[in-house]
Amino acid sequence: MRIVPALLFGLVSAGVDTLMKEKCAEERYLVFRKGDTLSVYDMYREEISKQVELGWDRALVAENMEIGVWVSEGLGERGENGLVSVEMDKRFERSFRESSLAKKAPSVERLPAATIQERSILTKESRIGVEYLYMPDGVIVLLYNETVFKVFTPEGVTETVKRDLRTGVKKSLVKRNDRHIDPINKLEGVYGADAIYFLKYLNGYYYLSEAYLSEIEEDTAETAAYVFGLLISLGAVILGVLGVLPWGIRVFLASRSPIEVFGESEYPIYRHGQLFGHKKVLVLALDLRNEGNSRLFHNLGLLKRLGVADSGVYVEESRHRVLLAYDGGVVSLGWLLVHGQAEEVHRAMLETVKAVESVHEKGHFNLSLTIDNVFVHPGTYTVSLLGVERLERAPAPAHLHKDFTELGLLFYTVYLKKNHLPAPAATESVPKKISEQVLPYRFSHRASLFLGCKPGADVELLDCISLLLDPEHRTLPEIARHPVFWTVVEKFEFLAHFSDYVFDHPQDQVIETSQAFLQAEKDPSSWSVYINIDIFEGLTKHGKYYYNCKVIRDLYRIVRNNGRHFQSIPEKGRRLLGKNLLDYTTYFLDTFPYLVIFADIVTQEKELRDISEWSKTEVWGGGSRGSPN
């Protein structure tokens, strides 16, 4: 704990040291101009430390790249405006207007219509000039307002520049009792300074700020400053009282009874309660004299400090007892299985995977996951993991594999509950038995394209469970992008884009040459026999559109075409399919449960995500929540 104060002290010391160096240069030097000379005056040594000649006006001779001749500065008499006057004939005037010189430099501000005087053309340009003056304490940036006059003649171009020194920051006020007043008087009296400047440090450089004397009497200025400061202090006191008083009242009321516990809830681990007398919460009451409860409380606090998602809103701790208040809207994964929608369950499962991944990223593992100790807020899908009694640091990545098995067993319980199947007996061999039952459903290793053999089968969930229970498992980010976590809308968009690619690139034979298709057990019958005849007639517009019912790519095409044009399906067919695109897509996913997972395996094998035509789909990773056209 002593390291943090030491680091803070080091950072503050470094910042103060830098600030003192900047202030030292600002307080030490004054810059003044006399005629064309700029001088830097050292107030500590009371001497001029550096002088430079500004060179206000300068005449340059440029080469006319169109004509290729040099121009001498003495071509003509210089007029009152500082420009050289030279004769120019009509032929040169026309060639200049057509040349690239007249089209360059869009910032050029020409004299009226680029003033033409017989054999010459005059132009005027305004710009900002910059020069750097190097000093031991830093770099001074000198800014100029430059006006560039150019004379174009048949022989070439003559350029004249007028420069005026300008300041980059606002003027600095010097009071008559300021400590700078004596050096300023000396610069004006002894050196005859025309203008005096302070140095201001900005973004690593020093800029000039012109000094000017205050016109107000010092006693009046000091009185005004005192009154202003008094008003500021009074306002701060009033705001402080108004801000602290409600907080103090709340603390006083909270100290009396912040959490009230009423009775048992529908969850064995929680009890109903109220926070601050009005907010409904679920209360986790722990007796710290119990070793398991003590570890649970410690690990829950650890997860909160690590920033892992949590729904806890308040903690009340005494010597032997602790009450943790959780948002009253949270529900268990088991409750969601009974009362929630399928997509809500799958979203909660996805957030659970992400929460476990967050725990692993922080270097911890050994979670206990059940449908009764994983809680989620249906509105925000914030997950609370309460099975953390055995949480510990992971000495190596290999130790994280145990939590993959926990996730696999949790999702297998979800599968059993969804399909109203009995749970296996609680013995030590349960994980092994479950693995033996589930691994045959790993679609990427044993693809089965028996059409409609098990309508409504949860092929995607079983495949995801098999990946988690397989010793050669994938990473959690790969699990998180599994199709089982996609919404119905996302699945339709994916199938539509997959079908578009297959039909736009027939020469690739994406499906026919894939290992998933070549190794799969195939159904010799037509896929059309599994679709209601009235629906099929509506989807094919009574034979107007032909689909090869022996080819699986045409199955993807009929799903895509009629989904994109759902309103064109005859009324009779729409009544059987449902009222909207979601019902339509669900019908096909239930009838052909392998559709999405087979297409996903093919896209992975063929690396179709690298093809630019697929950039418009946002399904990857389950991140999209849009709706199809």
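User: How do the residues of the lining of the largest pocket divide into nonpolar, polar and charged?

Analyst: The model is predicted, and what follows should be read with that in mind. Rolling a probe the size of a water molecule over the atoms shows where empty space is left. In this structure the lining of the largest pocket is made up of ten nonpolar, seven polar and six charged residues.

User: How much space lies in the largest pocket, and which residues are the closest to its centre?

Analyst: The largest pocket holds about 560 Å³ of space. Its lining numbers 23 residues, and those closest to the centre are Ala342, His346, Lys418, Asp458 and Asp590.

User: Which helices each supply at least two residues of that lining, and which one gives the most?

Analyst: At least two lining residues each come from helix H6 (333-339), helix H7 (342-361), helix H10 (459-469), helix H12 (488-504) and helix H17 (581-591). The most are given by H7, which contributes four residues to the lining of the largest pocket.

User: Taking H17 next, which of its residues are buried, and what do they pack against?

Analyst: The buried residues in H17 are Leu581, Tyr584, Thr585, Tyr587, Phe588, Leu589 and Thr591. They pack against H12, helix H14 (533-539), helix H15 (552-564), helix H16 (571-577) and helix H18 (595-606). At the start of H17 there is also a polar contact to inspect, where a side-chain oxygen of Asn580 comes to within 3.1 Å of the backbone nitrogen of Leu582.

User: Ser466 lies in helix H10; why does Ser466 count as buried or exposed?

Analyst: Ser466 counts as buried because its relative accessibility is 0%, and the cut-off for that class is under 20%. The side chain of Ser466 reaches the backbone oxygen of Asp463 at 2.6 Å, while, apart from neighbours within four places in sequence, Ser466 is in contact with Val438, Leu439 and Arg442.

User: How should Asn293 in helix H5 (residues 291-306) be read, and what is its relative accessibility?

Analyst: Asn293 has a relative accessibility of 23%, and therefore counts as partly exposed. Once its neighbours within four places in sequence are left aside, Asn293 is in contact with Leu286, Asp287 and Leu288, and a polar atom of the Asn293 side chain lies 3.4 Å from the backbone oxygen of Asp287. Separation along the chain and separation in space can also be set side by side: Asn293 and Glu389 are 96 residues apart in sequence, yet their C-alpha atoms are 7.7 Å apart.

User: Turning to strands, in which sense does strand E10 (residues 195-202) pair with strand E1 (residues 29-34), and how many bridges join E10 to strand E11 (residues 205-213)?

Analyst: In a regular strand the side chains alternate between the two faces of the sheet. Here E1 and E10 pair in the antiparallel sense over four bridges, with Phe32 standing opposite Ile196 in E10. E10 and E11 also run antiparallel, joined by six bridges, and Leu202 stands opposite Tyr205 in E11. The hairpin of E10 and E11 has two residues between the strands, and within that hairpin Asn203 takes a positive phi near 55 degrees.

User: How many residues lie between E15 and E16 in their hairpin, and which residue in E16 is the bridge partner of Glu316?

Analyst: Three residues lie between E15 and E16 in the hairpin they form. Strand E15 (residues 312-317) and strand E16 (residues 321-327) pair in the antiparallel sense over five bridges, and Leu323 in E16 is the bridge partner of Glu316.

Note on methods:
Residues numbered from 1 in each chain as written. Predicted model: local features only at pLDDT ≥ 70, side-chain atom pairs only at ≥ 80, totals over all residues. Heavy atoms only, no water. 1 Å grid on protein atoms, 1.4 Å probe; cavity = no way out; pocket = protein on both sides within 12 Å on 5 of 7 lines; lining within 4 Å. Points joined across faces, edges and corners; volume = space filled by probe spheres on them. Nonpolar A, V, L, I, M, F, W, Y, C, P; charged D, E, K, R; others polar. Buried < 20%, exposed > 50% of the residue type's maximum accessible area, 1.4 Å probe, protein only. Contact = heavy atoms within 4.5 Å. Polar contact = N/O pair within 3.5 Å; in protein donor to acceptor, adjacent residues only side chain to side chain. Pairing = 2+ DSSP bridges.
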